[in-house]
Amino acid sequence: MTDTSAAASVPVSPENAGERGAVVVPYQDGPLIVRGEFTLRTPDGQIIEPGRGTVALCRCGRSAIKPFCDGTHKAVGFRAGTGRAEPAPRNR
């Protein structure tokens, strides 16, 4: 599993102090870190128990324990940024 100790130690700041529910943070060349209250489900609606309050979700598609990250992104040279490459989609 990916070491999320750096992700878990992100301090509460005025910008995120009022957030409720889940907070999702994309890490440079790594997983999505999810913190807070969230529910993971399979496509058919079954609940996936995360086993903890902060999880790392795979973005590279190569993890052996999907949807969770196992650190494989480092071995395969996965590259991804932390922000949006394009504007957010419009409301439908």
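**Exercise 1. Overall layout**

What share of the contacts in the protein chain with a separation of 6 or more comes from residues 24 or more positions apart? Place the result beside the other totals for the chain.

*Solution.*
Step 1. The model is predicted.
Step 2. Take the contacts with a separation of 6 or more; residues 24 or more positions apart account for 37% of them.
Step 3. List the elements. The protein chain has two helices and five strands. Along the sequence they follow the pattern α-β-β-β-β-β-α.
Step 4. Add burial. The chain has 92 residues, and 23% of them count as buried.
Step 5. Add the surface. The accessible surface of the chain is about 6800 Å². Carbon and sulfur atoms hold 51% of that area.

**Exercise 2. The open sheet**

Determine the strand order of the three-stranded sheet, and explain which strands stand at the edges.

*Solution.*
Step 1. The order is β1-β2-β5, in an open sheet with antiparallel pairing.
Step 2. Look for strands with a single partner. These are β1 (22-26) and β5 (54-57), so each has one side without a neighbour in the sheet.
Step 3. Check the angle. On average, neighbouring strands of this sheet are turned by 20° against each other, direction ignored.
Step 4. Recall the general rule. Strands of a sheet pair through backbone hydrogen bonds, either parallel or antiparallel.
Step 5. Count the bridges on each side of β2. β1 and β2 pair over five bridges, in the antiparallel sense. Strand β2 (residues 32-36) and β5 pair over four, also antiparallel.
Step 6. Fix the register with residue pairs. A22 stands opposite G36 in β2. V34 stands opposite V55 in β5.

**Exercise 3. The turn and its salt bridge**

Describe the connection between β1 and β2, then trace D29 to its charged partner.

*Solution.*
Step 1. β1 and β2 form a hairpin, with five residues between them.
Step 2. Locate D29. It lies in the loop between β1 and β2.
Step 3. Read the backbone. D29 is not a glycine, yet its phi is positive, at about 55°.
Step 4. Search the whole structure for salt bridges. The search finds one.
Step 5. Name the partners. D29 pairs with R79, and their closest N and O atoms are 3.6 Å apart. The cut-off is 4 Å, so the pair qualifies.
Step 6. Place both ends. D29 sits in the loop between β1 and β2, and R79 in the segment after α2 (72-76), so the bridge ties together parts that are 50 residues apart in sequence.
Step 7. Compare accessibility classes. D29 has a relative accessibility of 21% and counts as partly exposed. R79, with a relative accessible area of 62%, is exposed.

**Exercise 4. The nonpolar core**

Which residues make up the largest nonpolar core? Follow one of them, L57, to its contacts.

*Solution.*
Step 1. The core has five residues: V34, L40, V55, L57 and F68.
Step 2. Link the core to the sheet. V34 and V55 are both members, and V34 stands opposite V55 in β5.
Step 3. Take L57. Leaving out residues up to four places away in sequence, L57 touches P31, L32, V34, L40, P67, F68 and C69.
Step 4. Cross-check with the core list. V34, L40 and F68 are among the contacts of L57, and these three also belong to the core.

**Exercise 5. The loop between β5 and α2**

Work through C58, R62 and P67, which lie in the loop between β5 and α2.

*Solution.*
Step 1. Begin with C58. Beyond residues up to four places away in sequence, C58 touches S63, P67, F68 and C69.
Step 2. Find a distant residue. C58 and G30 are 28 residues apart along the chain, and their C-alpha atoms are separated by 7.7 Å.
Step 3. Turn to R62. At 55% relative accessibility, R62 counts as exposed; the cut-off for exposed is over 50%.
Step 4. List the contacts of R62. Leaving aside neighbours within four places in sequence, R62 is in contact with T72 and V76.
Step 5. Give the spacing. R62 and T72 are ten residues apart in sequence, and 6.3 Å apart from C-alpha to C-alpha.
Step 6. Finish with P67. A cis peptide bond joins K66 and P67, with omega about 10°. P67 also appears among the contacts of C58 and of L57.

Technical notes. Residues are numbered from 1 along each chain as its sequence is written. This is a predicted model: local features need pLDDT of at least 70, side-chain atom pairs count only at pLDDT 80 or more; totals for chains, interfaces and linings use all residues. Side-chain values use heavy atoms; hydrogens and water are left out. Two strands pair if DSSP finds at least two bridges between them. Axes are lines fitted to C-alpha atoms, for helices over the stretch in contact, and angles run from 0 to 180 degrees between N-to-C directions. A salt bridge is a side-chain nitrogen of Lys or Arg within 4 Å of a carboxyl oxygen of Asp or Glu. Buried means under 20% relative accessible area, exposed over 50%, partly exposed in between (1.4 Å probe, protein chains only). Contact means heavy atoms within 4.5 Å. A nonpolar core is a set of buried Ala, Val, Leu, Ile, Met, Phe, Trp, Tyr and Cys residues joined through side-chain atoms within 4.5 Å. Accessible areas come from the Shrake-Rupley method with a 1.4 Å probe; for residues, only the protein chains shown count as cover.
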